[in-house]
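Work through the exercises below with the sequence and the 3D structure at hand. Try each task before reading its solution.

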Amino acid sequence: MTDAKGGPEVTRQTDPTLVDGSLNLSGNLPPIVADVFEQRYRCALSKVMTEEQLSSLVGSHRFMGTERDRSAGAAFVSLRLGSPPDVSRIVVTNGTQSAIDRLFDGIAGRGGVIAVEELTYPAVKPMAARLGIRLCPVRIDDEGLVPDSFSDVCERDKPSALYILPTLHNPTTATTTLERRRAAVDIARLNNVQFIEDDIYSMLPLNAPPPFATLAPEISWYILGTAKSLSPGLKVAYVVAPDSAAAGRAFWPGVRSTYWMPAPLNAAVTANLVLSGHANDIVGAVRLEMERRHELAKDILEGIPVATSAGALNLWVRIPRAGARLEIARLTQDRNVIVGHGDAFVVGNCIAPEALRVGLGTVLNRDQLSRGLEVVRDAYRRVLQPGMTA
């Protein structure tokens, strides 16, 4: 099964006998934690259905979010920011992509420049192309963003903003250190560059460094989506703007050209999950399941160079031989296991890394994950460790 661009479609694997029987390890979805999610979501949905006046709930647009929506957003982001920001700075959006789209357009605009990590969220590339924005890659390593490279890009290309996934970077799982975050803040202030901080994975690790939005709130646009910690289908992301006036300037014009506002029912149910505390239960369950899946992967892939971090939804399998990533991916696909690689994340003329991205959460259960990881291990050994092949 393929998407519109011809790559593998990242669908939830619910039954290994469906479609062609393939196990999809190419995606980066959180695991389904039905024993916790079902009860909490049904409770939130029931409260909305019984306590809200439904004709009013769905009878108009939900521009910027209602006061309750934005209060929920402030509570949710406070788990990372340390305290709830003023609700006037909160914008409730229809998922992270919609938020990024509006911010790219509002901050850079057609003909503008935005700095990004040299491996970046693939969706921003067609988004920037559609808006006529040039993306300039900044080097990253195992400690995240390289400040000297960011400084060089600022001096040479004069970007309006840096779009960054600083915590559990996708696909490398690296987290930018606090020291480098502070250095990047100094560079951004010196060069009049704003941060567009996509912190979507940050709810899963327990000790992530503080966001840029706490270090430089006056130049930071902070995005915390629910897709990687609660559920992809909620389609709600909260944005914290530098101030209330900036929030209106960035988002209000978009009502004429995009649909960045969330569906009212989704926004209301998500607000209920957050304000009731049930969202924390779901995040905790996802975190626990990921711990177990990481332990499983460590056992099965022992001896294979894997980069990952606590809470990460994927592994970054490093390949020590040029071109071998594609060969290994073909071998796994021959055995009905689909894995990803870094090519889709590359910006501009950067060289694609020799690595595979192996998702841990997309398959339904640990038995499916075990079978998929065993295929990855066997393919890796066949190509690079033939003496260890069973």
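**Exercise 1. Two helices, H12 and H13**

At what angle do helix H12 (residues 324-334) and helix H13 (residues 366-384) pack, and how many Å apart are their axes? Classify the arrangement, then list the residues that meet.

Solution. Note beforehand that the model is predicted.

Step 1. Two numbers are needed, since a pair of packed helices is described by the angle between the axes and the distance between them.

Step 2. For H12 and H13 the angle is about 135°, and the axes are 9 Å apart.

Step 3. Angles over 145 degrees count as roughly antiparallel, and 65 to 115 as roughly perpendicular. The angle of about 135° falls in neither range, and H12 and H13 are therefore oblique to each other.

Step 4. The crossing in which H12 passes H13 is right-handed.

Step 5. On the H12 side the residues are Ala324, Glu327, Ile328, Leu331 and Thr332. They meet Val375, Val376, Ala379, Tyr380, Arg382, Val383 and Leu384 of H13.

**Exercise 2. A second helix pair**

Describe how helix H3 (residues 67-81) and helix H10 (residues 264-276) are placed relative to each other.

Solution.

Step 1. The two axes cross at roughly 45° and come within 9 Å.

Step 2. This angle makes H3 oblique to H10.

Step 3. The handedness of the H3 and H10 crossing is left-handed.

Step 4. H3 contributes Arg68, Asp69, Ser71, Ala72, Ala75 and Phe76 to the contact. From H10 come Ala267, Ala268, Ala271, Asn272, Val274 and Leu275.

**Exercise 3. The four-stranded sheet**

In what order do the strands of the open sheet of four strands lie? Then decide whether strand E15 is enclosed or not.

Solution.

Step 1. The order is E11-E12-E15-E14, and the pairing is antiparallel.

Step 2. Strand E11 (306-307) and E14 are the edge strands, each pairing on one side only.

Step 3. Go through the pairs. E11 and E12 share two bridges, and Val306 stands opposite Val317 in E12. Strand E12 (residues 314-318) pairs with E15 over five bridges; here Arg318 stands opposite Ala355. Strand E14 (residues 340-341) is joined to E15 by two bridges, with His341 and Leu356 as bridge partners.

Step 4. Now look at burial in E15. In a regular strand, side chains alternate between the two faces of the sheet. On one side of E15 are Ala355, Arg357 and Gly359, on the other Leu356 and Val358, and all are buried.

Step 5. Because five of the five residues of E15 (residues 355-359) are buried, this strand is largely enclosed by the rest of the structure.

Step 6. H12 from Exercise 1 packs on this sheet, where it touches E14 and E15. Its direction makes about 35° with that of E15.

**Exercise 4. The seven-stranded sheet**

Which strands lie at the edges of the sheet with the order E2-E10-E9-E8-E7-E3-E4? Find also a helix that lies across its strands.

Solution.

Step 1. The sheet is open, has seven strands and is mixed in its pairing.

Step 2. Its edge strands are strand E2 (90-93) and strand E4 (134-138), each of which pairs on one side only.

Step 3. From one strand to the next, the twist averages 20°.

Step 4. At the E2 edge, four bridges join E2 to strand E10 (residues 237-240), and the two run antiparallel. One of the partnerships is that of Thr93 with Ala237.

Step 5. Helix H4 (residues 96-108) lies across strands of this sheet, among them E2, E4 and E10. H4 runs at about 165° to strand E9 (220-225).

**Exercise 5. One residue, Arg293**

Is Arg293 buried or exposed, and why? Which residues is Arg293 in contact with, leaving aside its neighbours within four places in sequence?

Solution.

Step 1. Arg293 lies in helix H11 (residues 278-300).

Step 2. Buried means under 20% relative accessible area. The value for Arg293 is 1%, so Arg293 counts as buried.

Step 3. With those neighbours left aside, the contacts of Arg293 are Pro31, Leu360, Gly361, Val363, Leu364, Asn365, Arg366 and Leu369.

Step 4. The Arg293 side chain reaches the backbone oxygen of Leu360 at 2.7 Å.

Step 5. Compare sequence with space: Arg293 and Ser370 are 77 residues apart in sequence, while their C-alpha atoms are 8.9 Å apart.

Methods. Residues are numbered from 1 along each chain as its sequence is written. This is a predicted model: local features need pLDDT of at least 70, side-chain atom pairs count only at pLDDT 80 or more; totals for chains, interfaces and linings use all residues. Side-chain values use heavy atoms; hydrogens and water are left out. Buried means under 20% relative accessible area, exposed over 50%, partly exposed in between (1.4 Å probe, protein chains only). A polar contact is a pair of N or O atoms within 3.5 Å; within protein, one must be able to donate a hydrogen and the other to accept it, and residues adjacent in sequence count only if both atoms are side-chain atoms. Contact means heavy atoms within 4.5 Å. Two strands pair if DSSP finds at least two bridges between them. Axes are lines fitted to C-alpha atoms, for helices over the stretch in contact, and angles run from 0 to 180 degrees between N-to-C directions. Angles under 35 degrees count as roughly parallel, over 145 as roughly antiparallel, 65 to 115 as roughly perpendicular and the rest as oblique. A crossing is left-handed if the near helix is turned anticlockwise from the far one by less than a right angle, and right-handed if clockwise.
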